[in-house]
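Please work through the following exercises with the sequence and the model open beside you. Each task is followed by a solution that goes step by step.

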Amino acid sequence: MPYGSRLAAMMTRRIGRECVYTPSARLALYLALRRWCRPGARVLMSPVNDDVILFVVLAAGLRPVQAPVSRWDGNIDPSAVPESTWRDVDAVLTTNLYGLPDRVVELRRRCDQLGIPLIEDAAHAIGTHVDGQPIGTFGTAAAFSLSKHVAAMAGGFLVVEDARTRRELELLRDDLLTPRRLRDDLTTTLRPLARSAVRTLHLVRPVWRTMQRLNLLERDEFRMALHAPRLAGSARQAPSLTAYEPWVRVDLHGFRSRHGALVRGQLELRMALLDGDLARRRAGVSLLSGTTWATPALRERAGDGPPSLFRVPLLVHDRDALLGRLVNHGVVAGYVYDPPLDDYAGAEFVEPSPDPSAARWFAAHTLPADPLLARRIMNALTRERAIPAHPPLPTTPLLDTTTTPPTPLGQ
């Protein structure tokens, strides 16, 4: 029986496509990129994205091409991508940022016209639908994450179209897995329980401040340190997951560790709770979408009923300072993707966006709010007198927003 087949079967029943179980979404995405993109291929993607995803793309031996994005949700704006860029890319990678869907219908149409794969990063979007169809079923393949939902902190899936492809990818996955260690399995199992206890006992603020003082966080800023000379040297070995592991493993060291029965059993139990988790998220999104800080993109989606988002992007002024003050209210808001990847990595490692203004504005003003903590966050923002932010009109030149060094936040 293939590794993780029971979990894969649970996901197949949910989404209606063949699934490969992986220890993480980042490993699932790497498998997809290796399977459908030749080394040196150019991949169109949003610059408002986790830096880990950038390094997964580089590890696959590919050239990340940064796309213009919507100023309201940070996802690719297909109409703003120059035709010359469309003709020169070999694949498209979506983000579905925070669970708000990419314009997948249009992206799929363009990919079909060009004969290139559409790969969906659905790590934030396990509960997202477009026109009644689940995200993860529009593209050639899709990567999902359990670590982003039901407090699992491990586990992922690669969703593909047919059983033959699934079997091929299971073999490739098995070659990339590292051996199971009991200590790692125990840590993976206990971490979600420890995090839940911290929240239940209202210890978020002292625990977080202590981790900061003891330098226990892997990121001093929103982005991890680039280490450009070392990164450039790794390119000589690409495609190679091992060469890029120092970057790809950040925040999830067991991203390709073979999970034993203890971890897989816990994940099965947590997957059974997923529908309840998604319902609670919808309730939180409904509350947050009615605030003055909510992006209009969220209000438009809420018209058909609140979506089940992983995080709710709120747009605020003085975001960096505000994030630091929210810790005093017991709220640690991670998943801030600032600066955009082309500003972060530079032209040596990515092809910059032809119009970076919207990405810069969105990245600098977005506060990702956990919908499961909606009331606490709303009360905190009210007490802090948070000011809603509104982007300049498209006809007005956008300012290149420069922010002060951000408060250290983990992902």
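**Exercise 1: Unusual backbone sites**

Pro339 is found in the loop between H14 and helix H15 (341-345), where helices (H or I, at least four residues) and strands (E, at least two) are DSSP runs, numbered from the N terminus. The model is predicted, so that local features need pLDDT of at least 70 and side-chain atom pairs count only at pLDDT 80 or more, while totals for chains, interfaces and linings use all residues. Residues are numbered from 1 along each chain as its sequence is written, and side-chain values use heavy atoms, with hydrogens and water left out.

Task: determine which peptide bond leading into Pro339 is cis, and where Asp318 and its positive phi are placed.

Solution. Begin with the general expectation that most residues other than glycine have a negative phi, and that most peptide bonds are trans. The bond from Asp338 to Pro339 is cis, with omega near 0°. A cis bond also runs from Ala238 to Pro239, again with omega near 0°, and Pro239 has its place in the loop between helix H9 (228-234) and helix H10 (245-248). Turning to phi, Asp318 has a positive value near 50° although it is a residue other than glycine, and it is found in the loop between strand E10 (312-315) and H14. Asp318 counts as exposed because its relative accessibility is 61%, where buried means under 20% relative accessible area, exposed over 50%, and partly exposed in between (1.4 Å probe, protein chains only). Asp251, which is not a glycine, has a positive phi of about 75°, and at 23% relative accessibility it counts as partly exposed.

**Exercise 2: The surroundings of H14 and E5**

Task: explain why helix H14 is described as largely enclosed, and state which strands are joined to E5 by bridges.

Solution. For H14 (residues 319-326), six of the eight residues are buried, so the helix is largely enclosed by the rest of the structure; among the buried ones are Arg319, Asp320 and Leu322. For strand E5 (residues 118-121), both faces are covered, with Leu118 and Glu120 buried on one side and Ile119 and Asp121 buried on the other. Strand E4 (residues 91-93) runs parallel to E5 and is joined to it by two bridges, and two strands pair if DSSP finds at least two bridges between them. Val92 has Leu118 as its bridge partner in E5. Three bridges join E5 to strand E8 (residues 141-145), again in parallel, and Glu120 stands opposite Ala142 in E8.

**Exercise 3: Aromatic rings**

Task: classify the ring pair of Phe55 and Tyr344, and find which residue lies over the face of Tyr344.

Solution. Rings of Phe, Tyr and Trp (its six-membered ring) pair if their centres lie within 6.5 Å, and planes under 30 degrees apart count as stacked, over 60 as edge-to-face and the rest as tilted. The structure holds seven aromatic pairs. In one of these, the centres of Phe55 and Tyr344 are 6.4 Å apart and the planes are at 75°, so the pair is edge-to-face. This pair links distant parts of the chain, with Phe55 in helix H3 (residues 51-59) and Tyr344 in helix H15, 289 residues apart. Both Phe55 and Tyr344 are buried. Finally, Arg223 lies over the face of Tyr344, at 5.5 Å from the ring centre, the criterion being NZ of Lys or CZ of Arg within 6 Å of the ring centre and within 35 degrees of the ring normal.
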